[in-house]
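Here is a briefing on one molecular structure. Please read it with the sequence and coordinates open.

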Protein chains: 2
Amino acid sequence: MALDSAAATDKYTAQRYTARVALRDHTMRYLHTMIRASDLDATLDFFCAKLGLVEVNRYDSEQGRFTLVFLAAPDDVDHANSTKSPLLEITYNWDAENYDGGRNFGHLAYCVDNIYDVCQRLMNSGVTINRPPRDGHMAFVRSPDGISIELLQDGESLPPQEPWISMENTGSW
Amino acid sequence: MALDSAAATDKYTAQRYTARVALRDHTMRYLHTMIRASDLDATLDFFCAKLGLVEVNRYDSEQGRFTLVFLAAPDDVDHANSTKSPLLEITYNWDAENYDGGRNFGHLAYCVDNIYDVCQRLMNSGVTINRPPRDGHMAFVRSPDGISIELLQDGESLPPQEPWISMENTGSW
């Protein structure tokens with residue numbers, strides 16, 4: 001005798017839930033941080049072409065008049081199960097909006113292999129390095145809509161070197 | 001003949017970098033999203049006691065008069081290498097500040113095993129469910145400083161059920 005589909009879903013869900021609860025009280029996993037973009041092209045140019053993230057998924061809603069683009073850092077995409085990569089979700093509303101910033105959100109942080117190379121590439125493409133990596137360890141830049149991005153050198157700091165040592169801060173981050 | 005330590009660091013860094021560049025142009029990995037908290041106790045009560053994240057690291061700076069607390073979702077902590085868990089960084093400045101929100105930041109999203117159980121626990125502890133999980137799939141709540149949190153049901157949506165079906169939205173998220 002076939003179960004109807006609602007009952008089957010109930011049973012499946014109940015079995016799955018019971019099995020997991022046996023392991024611990026409840027489970028929870030980070031999925032993404034969502035930011036809004038007033039200009040999708042400029043935002044993807046910043047996060048992908050300049051910073052180095054990669055697009056892993058995209059969804060257009062004609063009815064809702066918005067586009068969602070999901071980005072991942074290269075090392076996160078390489079995970080065996082890429083559906084578990086921590087993602088950056090970009091929401092682009094088709095009807096023009098400008099987005100202000102607030103102080104309750106601070107920044108997104110990414111670890112990089114060579115902070116000097118990444119900052120040089122960003123600078124060459126016209127991005128202001130708000131907090132240059134004078135210490136070979138940490139830098140800050142901002143996205144076109146003012147989202148603050150922290151870059152941290154993987155492992156030990158690089159030896160301090162020019163032009164970074166002499167470069168002053170610009171604005172806030 | 002011993003190398004001096006700066007030269008040794010240079011050599012080590014150069015070797016490590018060359019080895020990684022051979023693999024791809026550059027590597028990058030997501031570390032954390034940072035948010036600011038005006039009341040650390042209330043914020044940790046929300047994110048840990050009520051939502052279910054766990055504290056994995058903490059740093060107090062007497063000189064800078066701030067505390068950093070790093071939180072992870074339970075399933076993310078279980079990774080073999082917990083230093084690679086995607087984290088939420090809470091910055092608490094000891095000198096009182098109030099934090100406003102902006103529209104360029106949207107929300108943080110977590111996947112949960114049973115969205116009804118999580119929302120019920122949050123509601124029982126006094127948290128407003130701004131967007132109830134009427135569809136068995138998605139809910140939104142806000143932290144004490146107004147950071148929007150999206151909760152998504154892992155896998156297939158749960159069958160719609162009361163009290164969620166009849167529960168209206170509250171405020172924005």
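The points below cover the chain contact, the sheets, one strand and some single residues.

This is a predicted model, in which local features need pLDDT of at least 70, side-chain atom pairs count only at pLDDT 80 or more, and totals for chains, interfaces and linings use all residues. Residues are numbered from 1 along each chain as its sequence is written, chains are lettered from A and ligands numbered from 1 in the order in which they are written, and side-chain values use heavy atoms, with hydrogens and water left out. Chain A and chain B bury about 5,600 Å² between them. Two open sheets of 7 strands each take strands from both chains.

**Interface between the chains**

- Of the area buried between chain A and chain B, 49% lies on carbon and sulfur atoms. Buried area is the accessible area (1.4 Å probe) that two parts lose on being put together, summed over both.
- In chain A, Met28(A), Arg103(A) and Asn104(A) lose the most area to chain B, and together they account for 16% of what that side buries.
- Chain A brings 59 residues to the contact and chain B brings 60 residues. Contact means heavy atoms within 4.5 Å.

**First sheet described**

- The strand order is 2(A)-3(A)-4(A)-1(A)-5(B)-7(B)-6(B), with mixed pairing. Strands are DSSP runs of E with at least two residues, helices are runs of H or I with at least four residues, and both are numbered from the N terminus.
- Strand 2 (54-61) of chain A and strand 6 (138-142) of chain B are the edge strands, each pairing on one side only. Two strands pair if DSSP finds at least two bridges between them.
- On average, neighbouring strands of this sheet are turned by 25° against each other, direction ignored. Axes are lines fitted to C-alpha atoms, for helices over the stretch in contact, and angles run from 0 to 180 degrees between N-to-C directions.
- Strand 1 (residues 28-36) of chain A runs antiparallel to strand 5 (residues 105-112) of chain B, joined by 7 bridges. Thr33(A) stands opposite Leu108(B) there.
- Helix 2 (residues 40-50) of chain A packs on the sheet and touches strand 1, strand 2, strand 3 (66-72) and strand 4 (87-93) of chain A. The direction of helix 2 makes about 5° with that of strand 3 of chain A.

**Second sheet described**

- Here the order is 6(A)-7(A)-5(A)-1(B)-4(B)-3(B)-2(B), and the pairing is again mixed.
- Strand 6 (138-142) of chain A and strand 2 (54-61) of chain B each have a single partner strand, so one side of each is left without a neighbour in the sheet.
- Strand 2 of chain B and strand 3 (residues 66-72) of chain B run antiparallel, with 7 bridges between them. Asp60(B) has Thr67(B) as its bridge partner.
- Helix 4 of chain A packs on the sheet, touching strand 5, strand 6 and strand 7 (148-153) of chain A together with strand 1 (28-36) of chain B. Its direction makes about 145° with that of strand 7 of chain A.

**Strand 7 of chain A**

- In strand 7 of chain A, 6 of its 6 residues are buried. Buried means under 20% relative accessible area (1.4 Å probe, protein chains only).
- Ser148(A), Glu150(A) and Leu152(A) are on one side, and Ile149(A), Leu151(A) and Gln153(A) are on the other.
- Strand 5 of chain A pairs with strand 7 of chain A in the parallel sense over 5 bridges. Leu108(A) stands opposite Ile149(A).
- Strand 6 of chain A runs antiparallel to strand 7 of chain A, again over 5 bridges. The two form a hairpin with 5 residues between them, and Gly146(A) in the turn has a positive phi of about 85°.
- Leu151(A) and Leu151(B) touch the most other members of the largest nonpolar core, which has 68 residues. A nonpolar core is a set of buried Ala, Val, Leu, Ile, Met, Phe, Trp, Tyr and Cys residues joined through side-chain atoms within 4.5 Å.

**Two buried aspartates**

- Asp113(A) lies in the loop between strand 5 (105-112) and helix 4 (115-124) of chain A. Asp113(A) counts as buried because its relative accessibility is 8%.
- The side chain of Asp113(A) makes a polar contact with the side chain of Thr27(B) at 3.2 Å. A polar contact is a pair of N or O atoms within 3.5 Å; within protein, one must be able to donate a hydrogen and the other to accept it, and residues adjacent in sequence count only if both atoms are side-chain atoms.
- Asp76(A) is in helix 3 (residues 74-77) of chain A, and is buried at a relative accessible area of 2%.
- The side chain of Asp76(A) reaches the backbone nitrogen of Tyr30(B) at 2.8 Å.

Key. Buried means under 20% relative accessible area, exposed over 50%, partly exposed in between (1.4 Å probe, protein chains only).
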